[in-house]
Amino acid sequence: RTEEPWKPFNKSRVYMADLESTLHYSLRVELAVHAVIKGVALKSLKKYISVLTKYFPGRPVVMNLLKSVNSWLQSQSADEISYVALKEILDNTAQVPNTALPEGTKWVGCQGSQPYLRRYPCGVWTLFHVLTVQAKILGGSDPQEVLSSMRSYVHNFFGCRPCAEHFENMAVESLMEVNTMSAAVLWLWSRHNRVNNRIAGSLSEDPHFPKIQWPPPDLCPACHNVMDNREHRWNKEVVLPFLLSYFNSSRILTDYLD
Ligand code: FAD
């Protein structure tokens, strides 16, 4: 397989190409491992697709596809579905006009310097941040809706099993304390930083994208407070609006989309 050429991109922006690639990988590769999806896993999938239908800030064709998958899934009353049946809906775009989920991945902001670095896990974090921000901006009323759907998606399907276990532990520990839409955005940000901290310097770190406590001072100087004793403190009153703007649908770049 020939390597794709490196695509120049802005490190401080979110790209729709990464979000669509994440959906493609999640729905057509990660889920495809499960020939049959049933019970709690099926409930989890229904929740995940319903949250995407509500909050994914996608192009109209992609939103139409998510809606068609969502209404098919919600109408399934049996306790199990086969992946083949789901795949038919995903690929059956000829019958429903203006629906499509692009085939294949095109990583941009989530490109890695090696094929096994960044990419899908980077896309998953990006997607999750975008969804918590969209839920807050669109006036969602259940602060745990997005986070709990991610939690159960990761628990049931995320291919990196140690990652899923770590994420579940963090959720067990403190997800129930999230009681506002803003708290949900901040919870995901702070848990993501915890993961960055834990895996800094590990084999999954791309040397060109070191694990840092994010956002770094050059991206958001006012997010950082340095106390008299030189201790670092996040300025959460600044971090929240920063996240709401950084992951805002109006700032997502559409470069490299077909
Ligand atoms: P990522 O950490 O994937 O981040 C993607 C982008 O999000 C960054 O480029 C940056 O722009 C932005 N970002 C970074 N930090 C934050 C933040 N705090 N808030 C908001 N945005 C931020 N790997 C392991 O080795 N062990 C694990 O236990 C593990 N657990 C994981 C759990 C989950 C739920 C997920 C989705 C992934 C996990 N991974 C784990 C993978 C790992 O976290 C990275 O996704 C992967 O190493 C790729 O890193 P990256 O450099 O692309 O940046």
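This tour moves from the whole chain to the ligand and then to one pair of helices. The structure is a predicted model, in which local features need pLDDT of at least 70 and side-chain atom pairs count only at pLDDT 80 or more, while totals for chains, interfaces and linings use all residues. Residues are numbered from 1 along each chain as its sequence is written.

Begin with the whole chain coloured by secondary structure, where there are nine helices and four strands (DSSP runs, H or I of at least four residues for helices and E of at least two for strands, numbered from the N terminus). From the N terminus on, these elements run α-β-α-α-β-α-α-α-α-α-β-β-α. Along its principal axes the C-alpha trace spans about 65 × 45 × 35 Å.

Next select the ligand together with the 25 residues that surround it, each having its C-beta atom, placed from the backbone, within 6 Å of the molecule. The closest of them are Pro121, Cys122, Cys163, His192 and Trp214. Helix H5 (120-137), H7 and helix H8 (181-199) each supply at least two residues of this shell.

Now select helix H6 (residues 145-157) and helix H7 (residues 161-174), whose axes come within 9 Å and cross at roughly 145 degrees; axes are lines fitted to C-alpha atoms, for helices over the stretch in contact, and angles run from 0 to 180 degrees between N-to-C directions. To see the contact itself, show Arg151, Val154 and His155 in H6, which meet Ala164, Phe167, Glu168 and Ala171 in H7 (contact requires C-beta atoms, placed from the backbone, within 7 Å).

Definitions and conventions: Two residues are in contact if their C-beta atoms, placed from the backbone, lie within 7 Å.
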